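Me: I am new to this structure and should like to understand the terms used to describe it. Please explain each term as it arises.

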Amino acid sequence: MAHQSTNTPATFDNAKVMNRFELTRRMVARLTDEAVVGGIGNTNFDLWAAGQRPQNFYMLGSMGLAIPIALGVALAQPKRRAIALEGDGSLLMQLGCLSTVAKLAPPNLIIVLFDTGIYQIPGGQPTPAAVIADYVGLARASGLARSAWAADEDDFDRMVAMALSEAGPHFIAARIDDKPAVATTDRDPVQIRERFMCGLGVRAPA
Ligand SMILES: Cc1ncc(C[n+]2csc(CCOP(=O)(O)OP(=O)(O)O)c2C)c(N)n1
């Protein structure tokens, strides 16, 4: 059943299943100088498709690194917000990063989890956690108090706006459909790294 009230937080069961590109597009539209780290697969493909920014980093090849990389950026640049966009399969591979984030508690870190329940890129196999584990519950139990499911697109917008203006760390989880990403990131790791470093102001453009 769809979530009805805006006063009570959504649960996994009543959160709307949404489209990753639509949510990514909505989030990117709100950004100015925030760093965004897209996790492997559809997550960074949709980030790429939503409009490339020099402050975007696209993780290619390794699962589970969007949150650790964004955590590093948040700690290194405390005046800038850092956003990790991660898939559920990738988070599963690196669950311990949630308690590391809770322990270090950077107020400028925002985690957005796109929960498809599947490993979409290699063929759509259900993850072992699909429907069994609740990622918001896992995040809270790991010490991230500001963790919630997005009830629907408007609720996601509201949560992103709040995370961009209030101290975190924030963990925003969204249930996502099985639609493939709308584009594919150019596989040029050197260019991705150089552009990101320039975008964060730690390297002068060549
Ligand atoms: C360490 C590691 N193990 C396995 C793979 C193969 N692999 C690539 S993407 C992927 C699934 C990622 O799942 P998720 O993060 O949920 O993203 P989605 O595919 O759903 O976009 C797997 C298993 C990999 N790239 N790296």
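Reply: A polar contact is a pair of N or O atoms within 3.5 Å; within protein, one must be able to donate a hydrogen and the other to accept it, and residues adjacent in sequence count only if both atoms are side-chain atoms. This is a predicted model, in which local features need pLDDT of at least 70, side-chain atom pairs count only at pLDDT 80 or more, and totals for chains, interfaces and linings use all residues. Residues are numbered from 1 along each chain as its sequence is written, and side-chain values use heavy atoms, with hydrogens and water left out.

Me: What makes the approach of Ile118 to the ligand a polar contact?

Reply: A backbone N or O atom of Ile118 lies 3.3 Å from an oxygen atom of the ligand, and the limit is 3.5 Å. Gln120 also qualifies, with a polar backbone atom 3.0 Å from a ligand oxygen. At Gly61, a polar backbone atom is 2.8 Å from a nitrogen atom of the ligand. Taken alone the ligand exposes 590 Å², of which the protein buries 74% (Shrake-Rupley method with a 1.4 Å probe; for residues, only the protein chains shown count as cover).

Me: Why is strand 5 called largely enclosed?

Reply: Seven of the seven residues of strand 5 (residues 109-115) are buried, so the rest of the structure largely encloses this strand. Buried means under 20% relative accessible area, exposed over 50%, and partly exposed in between (1.4 Å probe, protein chains only). Strands (E, at least two residues) and helices (H or I, at least four) are DSSP runs, numbered from the N terminus. Leu109, Ile111, Leu113 and Asp115 are buried on one side of strand 5, and Ile110, Val112 and Phe114 on the other.

Me: How do you know that strand 5 pairs with strand 4 and with strand 9?

Reply: Pairing requires that DSSP find at least two bridges between two strands. Strand 4 (residues 82-87) and strand 5 are joined over six bridges in the parallel sense, with Leu85 opposite Val112. Strand 9 (residues 170-176) likewise pairs with strand 5 in the parallel sense over six bridges, and there Leu113 stands opposite Ala173.

Me: What makes helix 2 mostly covered?

Reply: Seven of the eight residues of helix 2 (residues 42-49) are buried, among them Asn42, Phe45 and Trp48. The buried residues of this helix pack against elements including helix 1 (20-29), strand 4 and strand 5, where contact means heavy atoms within 4.5 Å.
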